[in-house]
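Work through these exercises with the model open. Each one sets a task and then solves it step by step.

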Amino acid sequence: MPADAEATPDNEDWSHAIAAVAAHRDRAAFARLFAHFAPLTKSLMRRSGLPESTADELAQETLLLVWRKASLFDPATAGASAWIFTIARNVRISAHRRGLAGALAELPDVDASFQPDDSPGPETRVATAQAGRRVRAALAKLSDAQRRVLELSFFEEKAHGDIARILQIPLGTVKSRARLAMSRMRELLDEFS
Amino acid sequence: MTIRHHPPADLLTSYAAGTLDLGDHIAVATHLSACPRCQAMAAALEHVGGAVLTGLPPMPMTDGALARVTARLDEPDRHSDHGNKDRAHPGHQDLGRTNRAPLDGVPGLPGFMRRYMAAPWIWVAPGVRMRPIQLPAASDSRVFLLQSRPRTKMLEHTHTGTELTCVLTGGFRHAAGDFGPGDFDWGDAEVRHDVTVAPSETCLCLVAMRGEVRLRGFWGALIQPFIRL
Ligand SMILES: [Zn+2]
């Protein structure tokens, strides 16, 4: 497998790379981000059933938005990969809503049409920083099996039946495990609040 | 104001994954803008999404992809002003150009919906009226505001599809409990008995509905043709 997060020497540095892009429009840092995250984003787009050329273009679009929105990235609230995931997700939604027709360069501002609140105030930012810590603490306490089921449920086309096959457990177990993982996470988040 | 009713787990997961239909997405986002608890859940699920992303097998980009993106880095960001364009999806729930008004000023809606347009109020039943919302893209659901006078009793009814509801103001009660501002309710083909609007205040809800509402019983059969839901 080519360079994944673990194999990269600066595993912890993606936040710094984004910060460098934000602070001094650092093109070398951007190139590193691109080399790491564009192929992952393309893979994510392919998973949601898009043809390869579209997946490639949407991955480019995602990284372009990483460059443009770098100053909005707040390492206290989101991890770099979670932040890039949300950008990729919104790019895909936007492309989907446009029926994948027309120039991809004309993507509307997906974030503005996605988030419950498009302009969080200062108090909200403090609250989300705390939420970010809570979230990381809660996720760290989930079992590997629970995390795995949650991750797999992210793929629309992966019906629970497919997950059952992948994990080699009965279908009923997948469903109850997913439910348990979610309620466990809710409990943990409540605990840390 | 305590929120007692939250969206089910699979809806929140699909919301975070970005795989919800637009109408469902709007209903969940409306709840989220009132519910810090579910906001934390959604944030947690976005972290799961980050883990999903980094765990995928990387797919090589086409030759020159980085160069093409680098060439665009200095382009002005055309979308940073949020545009406020009326990007109605042609043909979908097209409410026509006349009499539409922005949703600005409706309490409890998520920020992005302020730019959506809504039709005038339509009479549905005594004490009940609805206001269809024009969506910027296709959706399997119809999204509308539903307003009911205090103490309105809804007739026993069932749905042919799913119905997601988020209370904006006022509230109602049915077998599953009391619902107030921010509370999220969902129903499928099951029958609802005895939905009663709270006595003190007009109830305003955002509803995303697939299929139709079917009223049951003798009176329901009689008035069904006149009910526009
Ligand atoms: Zn909630």
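**Exercise 1. Trace the salt bridges around Glu75(B).**

Step 1. Start inside chain B. Glu75(B) pairs with Arg72(B) in a salt bridge, with the closest N and O atoms 3.8 Å apart. A salt bridge here is a side-chain nitrogen of Lys or Arg within 4 Å of a carboxyl oxygen of Asp or Glu.

Step 2. Check the ground rules. This is a predicted model: local features need pLDDT of at least 70, side-chain atom pairs count only at pLDDT 80 or more, and totals for chains, interfaces and linings use all residues. Residues are numbered from 1 along each chain as its sequence is written, chains are lettered from A and ligands numbered from 1 in the order in which they are written, and side-chain values use heavy atoms, with hydrogens and water left out.

Step 3. Classify both residues. Buried means under 20% relative accessible area, exposed over 50%, and partly exposed in between (1.4 Å probe, protein chains only). Glu75(B) has a relative accessible area of 31%, so it is partly exposed. Arg72(B), at 18%, is buried.

Step 4. Cross to the other chain. Arg68(A) also meets Glu75(B) in a salt bridge (3.6 Å, N to O).

Step 5. Assemble the network. Salt bridges link Glu61(A), Arg68(A), Arg72(B) and Glu75(B).

**Exercise 2. Describe the interface between chain A and chain B.**

Step 1. Count the residues. Contact means heavy atoms within 4.5 Å. On that basis 64 residues of chain A are in contact with 61 residues of chain B.

Step 2. Take the area. The two chains bury about 5900 Å² between them, 64% of it on carbon and sulfur atoms. Buried area is the accessible area (1.4 Å probe) that two parts lose on being put together, summed over both.

Step 3. Count the pairs. Between chain A and chain B there are five salt bridges. There are also 11 residue pairs in polar contact (both at pLDDT 80 or more). A polar contact is a pair of N or O atoms within 3.5 Å; within protein, one must be able to donate a hydrogen and the other to accept it, and residues adjacent in sequence count only if both atoms are side-chain atoms.

Step 4. Assign the helices. Those of chain A that each supply at least two residues to the side touching chain B include H2 (27–47), H3 (52–69), H4 (80–97) and H8 (171–192). Helices (H or I, at least four residues) and strands (E, at least two) are DSSP runs, numbered from the N terminus. H2(A) gives the most, with 14 residues.

Step 5. Sort by class. The side of chain A that touches chain B has 33 nonpolar, 10 polar and 21 charged residues. Ala, Val, Leu, Ile, Met, Phe, Trp, Tyr, Cys and Pro count as nonpolar, Asp, Glu, Lys and Arg as charged, and the others, Gly among them, as polar.

**Exercise 3. Examine H4(A) and the salt bridge of Arg89(A).**

Step 1. Find the span. H4(A) has 18 residues and reaches 26 Å from its first C-alpha to its last, close to the 26 Å expected at 1.5 Å a residue. The expected span is 1.5 Å times one less than the number of residues.

Step 2. Judge its burial. Of the 18 residues of H4(A), 16 are buried, so the helix is largely enclosed by the rest of the structure.

Step 3. Place the pair. Arg89(A) forms a salt bridge with Glu46(B), the closest N and O atoms being 3.0 Å apart. Arg89(A) lies in helix H4 of chain A and Glu46(B) in helix H3 (residues 36–55) of chain B, so the pair joins two chains. Both residues are buried.

**Exercise 4. Compare the settings of Arg25(A) and Arg151(B).**

Step 1. Read the backbone. Neither is a glycine, yet phi is positive: about 45° at Arg25(A) and about 70° at Arg151(B).

Step 2. Locate them. Arg25(A) sits in the loop between helix H1 (14–24) and H2 of chain A. Arg151(B) sits in the loop between strand S5 (142–148) and strand S6 (157–159) of chain B.

Step 3. Read the accessibility. Arg25(A) is partly exposed at 38%, whereas Arg151(B) is exposed at 60%.
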